[in-house]
Amino acid sequence: MLNVTPKNIKIMASELAKEIVQMSQRQDRTSPLVLIVYSRSTRSRDIRNEQETMRITAPIEGGKLIFRISFPIPNYTPILGNNVHDNNQLADQTILDYDADNIEGAATCIEGYMSYRDKRDAMLFQVIDNGALGQFPLSRWTLEENQSGKTGSRVQTLQKILNVLLVKS
């Protein structure tokens with residue numbers, strides 16, 4: 001026979017709540033897909049080069065689904081007090097993580113990179129063993145700015161594309 005006391009009820013409720021949280025939490029995983037943003041002038045072999053492209057994935061870490069955006073940052077060399085941008089010299093990768101709920105923020109970041117670095121195209125690849133890209137792209141998008149130079153419609157298109165990364169497997 002169970003000894004039902006207020007203290008026992010609190011303990012059982014607490015244990016049940018912990019079990020529900022554990023069951024509802026997503027299991028960590030790497031992203032099964034990667035979106036690569038590049039320019040039309042990028043040679044096909046360089047599309048796979050992380051120093052030439054922006055990469056967007058959607059891993060689950062700590063039970064949270066995130067958008068991970070990584071891209072090379074240009075080196076700035078001070079010359080006579082000015083910051084001079086040298087496209088041939090790239091520094092380390094910048095990595096930004098966005099909660100999956102902040103899809104607009106992630107899309108706006110991607111759009112800003114596209115505008116600044118003159119990137120217009122995106123390809124979706126499957127990620128296979130050891131993080132390698134699949135041999136062929138799964139999809140391709142051309143993302144031109146609209147004719148008036150406003151970026152709103154491209155951000156909206158990027159939001160739709162980012163939803164593709166939110167697969168369950």
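This passage walks through the fold, one helix, an aromatic pair, the main pocket and a few single residues of a predicted model.

Starting with the overall layout, the protein chain is built from three helices and seven strands. Going along the sequence, these elements come in the order α-β-β-β-β-β-α-β-β-α. Of the 169 residues in the chain, 34% are buried. Contacts across the sequence also tell a story: among those between residues at least 6 apart in sequence, 59% join residues at least 24 apart.

Helix α2 is a good place to zoom in. It has 15 residues, and from its first C-alpha to its last it reaches 21 Å, close to the 21 Å expected at 1.5 Å a residue. Its buried residues are Ile103, Gly105, Ala106, Ala107, Cys109, Ile110, Glu111, Tyr113, Met114 and Arg117. For reading such a list, it helps to recall that an α-helix has 3.6 residues a turn, so residues three or four places apart point the same way. Right after α2 comes Asp118, and the phi of Asp118 is positive, near 55°.

One of those buried helix residues, Tyr113, has an aromatic partner. The model holds one aromatic pair. That pair is Phe71 with Tyr113, and it is tilted, with 5.2 Å from centre to centre and 45° between the planes. The tilted label follows because planes under 30 degrees apart would count as stacked and planes over 60 as edge-to-face. The two partners come from distant parts of the chain: Phe71 sits in strand β4 (residues 64-79) and Tyr113 in helix α2 (residues 103-117), which puts them 42 residues apart. Both Phe71 and Tyr113 are buried.

Next up is the largest pocket, which holds about 360 Å³ of space. Its lining consists of 15 residues, and the ones nearest the centre are Val34, Arg55, Thr57, Arg68 and Ser70. Strands β2 (54-57), β4 and β5 (82-99) are the elements that each give two or more residues to this lining. In chemical terms the lining is a mix, with five nonpolar, six polar and four charged residues.

Two of the residues nearest the pocket centre, Val34 and Thr57, deserve a closer look. Val34 belongs to strand β1 (residues 33-38). With a relative accessible area of 3%, Val34 is buried, because the cut-off for that label is under 20%. Leaving out residues up to four places away in sequence, Val34 touches Arg55, Ile56, Thr57, Met123, Leu124, Phe125, Val127, Leu133 and Leu165. One of these contacts, Ile56, is 22 residues from Val34 in sequence, yet their C-alpha atoms are 5.7 Å apart in space. Thr57, for its part, lies in strand β2. Its relative accessibility is 19%, so Thr57 still counts as buried under the 20% cut-off. Beyond residues up to four places away in sequence, Thr57 touches Ser31, Leu33, Val34, Ile66, Phe67, Arg68 and Leu165. Leu165 therefore turns up among the contacts of Val34 and among those of Thr57 as well.

Some other residues are partly exposed. Trp141 is found in strand β7 (residues 139-142), and its relative accessible area is 22%, so it counts as partly exposed. Setting aside residues up to four places away in sequence, Trp141 touches Leu35, Arg120, Asp121, Ala122, Leu124 and Ile161. Trp141 and Thr157 are 16 residues apart in sequence, and 9.8 Å separates their C-alpha atoms.

Gln126 lies in strand β6 (residues 121-126) and is partly exposed too, at a relative accessible area of 41%. Not counting neighbours within four places in sequence, Gln126 is in contact with Pro32, Leu33, Ala132, Leu133, Gly134 and Leu138. Ten residues separate Gln126 from Phe136 in sequence, and in space the C-alpha distance is 8.4 Å.

Finally, Ser153 is part of helix α3 (residues 152-164). Its relative accessible area comes to 33%, which means Ser153 is partly exposed. Ser153 and Leu143 are ten residues apart in sequence, with 9.7 Å between their C-alpha atoms.

Key
Residues are numbered from 1 along each chain as its sequence is written. This is a predicted model: local features need pLDDT of at least 70, side-chain atom pairs count only at pLDDT 80 or more; totals for chains, interfaces and linings use all residues. Side-chain values use heavy atoms; hydrogens and water are left out. Rings of Phe, Tyr and Trp (its six-membered ring) pair if their centres lie within 6.5 Å; planes under 30 degrees apart count as stacked, over 60 as edge-to-face and the rest as tilted. Helices (H or I, at least four residues) and strands (E, at least two) are DSSP runs, numbered from the N terminus. Buried means under 20% relative accessible area, exposed over 50%, partly exposed in between (1.4 Å probe, protein chains only). On a 1 Å grid over the protein atoms alone, a cavity is a set of points where a 1.4 Å probe fits but cannot get out, and a pocket is an open set with protein on both sides within 12 Å along at least five of seven lines; lining residues have an atom within 4 Å of a point. Grid points are joined across faces, edges and corners, and a volume is the space filled by probe spheres set on the points. Ala, Val, Leu, Ile, Met, Phe, Trp, Tyr, Cys and Pro count as nonpolar, Asp, Glu, Lys and Arg as charged, and the others, Gly among them, as polar. Contact means heavy atoms within 4.5 Å. The expected span of a helix is 1.5 Å times one less than its number of residues.
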